[in-house]
Amino acid sequence: MPIVVNLDVMMARRHKGAGELAEEIGITPANLSILKNNKAKAVRFSTLEALCKALDCQPGELLEYVDDEEGSP
């Protein structure tokens, strides 16, 4: 998938656990896990805003575009 969610990286940098973060932003730990493991098909702007506020970061620090064609023979 071309969009990669780097939520686990930012959580580690901020020393935040999944349960703590899920509670802080008002989503279930299961939904946070879906985001963290790049299984989400979409993310609400309100969720993205809450993540950025809780982790003191910008959306670009959480989301990254990776071209699927790079590295292919």
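## Exercises on a predicted model

In this predicted model, N38 is found in the loop that runs between helix 3 and helix 4.

**Exercise 1.** Determine what is notable about the phi angle of N38, and find which other residue has a positive phi although it is not a glycine.

*Solution.* Step 1: the phi of N38 is near 55 degrees, which is a positive value in a residue other than glycine. Step 2: most residues other than glycine have a negative phi, which is why a positive value deserves a second look. Step 3: the other residue is D56, whose phi is positive at about 50 degrees although D56 is not a glycine. Step 4: D56 lies in a loop as well, the one between helix 4 and helix 5, which spans residues 59-62. Step 5: to place each residue relative to the surface, take its relative accessible area, where exposed means over 50% and buried means under 20%. N38, at 32% relative accessibility, counts as partly exposed, while D56 has a relative accessible area of 61% and is therefore exposed.

**Exercise 2.** Describe the overall build of the protein, beginning with its helices and strands and ending with its surface.

*Solution.* Step 1: the protein contains five helices and two strands, and from the N terminus on these elements follow the order β-α-α-α-α-α-β. Step 2: taken along the principal axes, the box filled by the C-alpha atoms is roughly 45 × 20 × 20 Å. Step 3: the protein has 73 residues, and 27% of them count as buried. Step 4: when contacts between residues at least 6 apart in sequence are considered, 65% of them join residues at least 24 apart. Step 5: the accessible surface comes to about 5,200 Å², and 52% of this belongs to carbon and sulfur atoms.

**Exercise 3.** Work out which residues touch the most other members of the largest nonpolar core, and which helix supplies the largest share of this core.

*Solution.* Step 1: in soluble globular proteins, nonpolar side chains tend to be buried together. Step 2: the largest nonpolar core here has 17 residues, and the ones that touch the most other members are L7, L21, L32, L51, L55 and L62. Step 3: at least two residues of this core come from each of helix 1 (7-14), helix 2 (18-25), helix 3 (29-36) and helix 4 (45-55). Step 4: helix 4 supplies the largest share, namely five residues.

**Exercise 4.** Follow L7 through the fold, and decide whether L7 counts as buried or exposed.

*Solution.* Step 1: L7 belongs to helix 1. Step 2: its relative accessibility is 0%, so L7 counts as buried. Step 3: when neighbours within four places in sequence are left aside, L7 is in contact with L21, L32, L35, K36, L51, L55 and L62. Step 4: L7 and L63 are 56 residues apart along the chain, and their C-alpha atoms are separated by 8.0 Å.

**Exercise 5.** Find which residue forms a salt bridge with K16, and describe the surroundings of K16.

*Solution.* Step 1: count the charges, which gives 8 positive and 12 negative side chains, with the centres of the two sets lying 6 Å apart. Step 2: a search of the whole structure finds one salt bridge, and this bridge joins K16 to E24, with the closest N and O atoms 2.5 Å apart. Step 3: K16 sits in the loop between helix 1 and helix 2, and because its relative accessible area is 18%, K16 is buried. E24, by contrast, counts as partly exposed at 43% relative accessibility. Step 4: beyond residues up to four places away in sequence, K16 touches M11, E24, A54 and L55. Step 5: looking from the other side, L55 touches K16 together with L7, M10, M11, R14, L21 and L62, again not counting residues up to four places away.

**Exercise 6.** Locate V66, and state which residues it is in contact with, leaving aside neighbours within four places in sequence.

*Solution.* Step 1: V66 lies in the segment that follows strand 2, which covers residues 63-65. Step 2: at 33% relative accessibility, V66 counts as partly exposed. Step 3: with neighbours within four places set aside, V66 is in contact with P2 and V4. Step 4: V66 and E49 are 17 residues apart in sequence, and from C-alpha to C-alpha they are 22 Å apart in space.

Key:
Residues are numbered from 1 along each chain as its sequence is written. This is a predicted model: local features need pLDDT of at least 70, side-chain atom pairs count only at pLDDT 80 or more; totals for chains, interfaces and linings use all residues. Side-chain values use heavy atoms; hydrogens and water are left out. Helices (H or I, at least four residues) and strands (E, at least two) are DSSP runs, numbered from the N terminus. Buried means under 20% relative accessible area, exposed over 50%, partly exposed in between (1.4 Å probe, protein chains only). Contact means heavy atoms within 4.5 Å. Accessible areas come from the Shrake-Rupley method with a 1.4 Å probe; for residues, only the protein chains shown count as cover. Lys and Arg count as positive and Asp and Glu as negative; His and the chain ends are not counted. The place of a charge is taken as NZ of Lys, CZ of Arg, CG of Asp or CD of Glu. A nonpolar core is a set of buried Ala, Val, Leu, Ile, Met, Phe, Trp, Tyr and Cys residues joined through side-chain atoms within 4.5 Å. A salt bridge is a side-chain nitrogen of Lys or Arg within 4 Å of a carboxyl oxygen of Asp or Glu.
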